[in-house]
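Take a look at the chain below. Turn it around once before reading on, and keep it in view as we go.

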Amino acid sequence: AVPQEGAHGHEEHEREEVGNAIGPGIASWMSSFAGFYLPLTSIPTAYLWIYWLNPFRWVYESMMVNMFDGQTIQCTPSQYVKSSTGQMVCPITSGTDVILNMGLQPGWYWLDQLVIALYMGGFSLATLLCLHFLRFGTR
């Protein structure tokens, strides 16, 4: 016997297709404004609000600070550059230099964690409210 689709099976499948089509585009757009592809200084002024409201931005900064803060960076011979005095110097010597060059804030780790926790709580609450109040189809 072939399983029968429910009365609303086709409609549910269409909703899934729409979600699968829109989801990657939104994730890509949010990633673009998280500071990874475009540092804060390169984001057009009209789009800065996306950067500050973007949950990906807070996670990215938190990971970068966790990874690089307090680290010592050593250059290979090919990475040295000539300074204004003519000496060969390593342009980046610490993890803080890496964080600042990315346009991120090295001292914001705990703020990043707080914002991430608030997003998680807000999304969880929104999910619970949707599960409680929204009904699709029949049971």
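In which hand does H3 pass H5: left or right? The crossing is left-handed. Keep in mind that this is a predicted model.

Stay with these two helices for a moment. Two packed helices are described by the angle between their axes and the distance between the axes. Helix H3 covers residues 55-68, and helix H5 covers residues 109-133. Their axes come within 9 Å. They cross at roughly 145°. Many residues build this contact. From H3 come Pro55, Arg57, Trp58, Val59, Glu61, Ser62, Val65 and Asn66. From H5 come Tyr109, Leu111, Asp112, Gln113, Val115, Ile116, Tyr119 and Phe123.

Now pick out one residue of H3. Arginine 57 is found in this helix. Is arginine 57 buried or exposed? Arginine 57 counts as buried because its relative accessible area is 1%, and buried means under 20%. What does arginine 57 touch, apart from its neighbours within four places in sequence? Its contacts are Phe33, Ala34, Tyr51, Trp52, Trp108 and Asp112. Asp112 is also one of the H5 residues in the contact between the helices.

Next, go to the surface. Leucine 53 sits in helix H2, which runs over residues 48-53. Leucine 53 has a relative accessible area of 53%, so it is exposed; the cut-off for that is over 50%. Leucine 53 also belongs to a nonpolar surface patch. Its partners there are Trp29, Tyr47 and Trp49. The patch measures about 470 Å².

Leucine 38 gives a case in between. This residue lies in the loop between helix H1 (9-32) and H2. Its relative accessibility is 31%, so leucine 38 counts as partly exposed. Leaving aside neighbours within four places in sequence, leucine 38 is in contact with Ser32 and Ile43. How far is its C-alpha atom from that of tyrosine 51? The separation is 9.9 Å, and the two residues are 13 residues apart along the chain.

Finally, step back to the whole chain. It has five helices and two strands. From the N terminus on, the order is α-α-α-β-β-α-α. The chain has 139 residues, and 21% of them count as buried. About 10,400 Å² of the chain is exposed, with carbon and sulfur atoms supplying 64% of that area. Now consider the contacts with a separation of 6 or more. Residues 24 or more positions apart account for 56% of them.

Key: Residues are numbered from 1 along each chain as its sequence is written. This is a predicted model: local features need pLDDT of at least 70, side-chain atom pairs count only at pLDDT 80 or more; totals for chains, interfaces and linings use all residues. Side-chain values use heavy atoms; hydrogens and water are left out. Patches are made of residues with over 30% relative accessible area and no salt bridge: like charges are joined within 9 Å, nonpolar side chains (Val, Leu, Ile, Met, Phe, Trp, Tyr) within 5 Å. Accessible areas come from the Shrake-Rupley method with a 1.4 Å probe; for residues, only the protein chains shown count as cover. A salt bridge is a side-chain nitrogen of Lys or Arg within 4 Å of a carboxyl oxygen of Asp or Glu. Helices (H or I, at least four residues) and strands (E, at least two) are DSSP runs, numbered from the N terminus. Buried means under 20% relative accessible area, exposed over 50%, partly exposed in between (1.4 Å probe, protein chains only). Axes are lines fitted to C-alpha atoms, for helices over the stretch in contact, and angles run from 0 to 180 degrees between N-to-C directions. A crossing is left-handed if the near helix is turned anticlockwise from the far one by less than a right angle, and right-handed if clockwise. Contact means heavy atoms within 4.5 Å.
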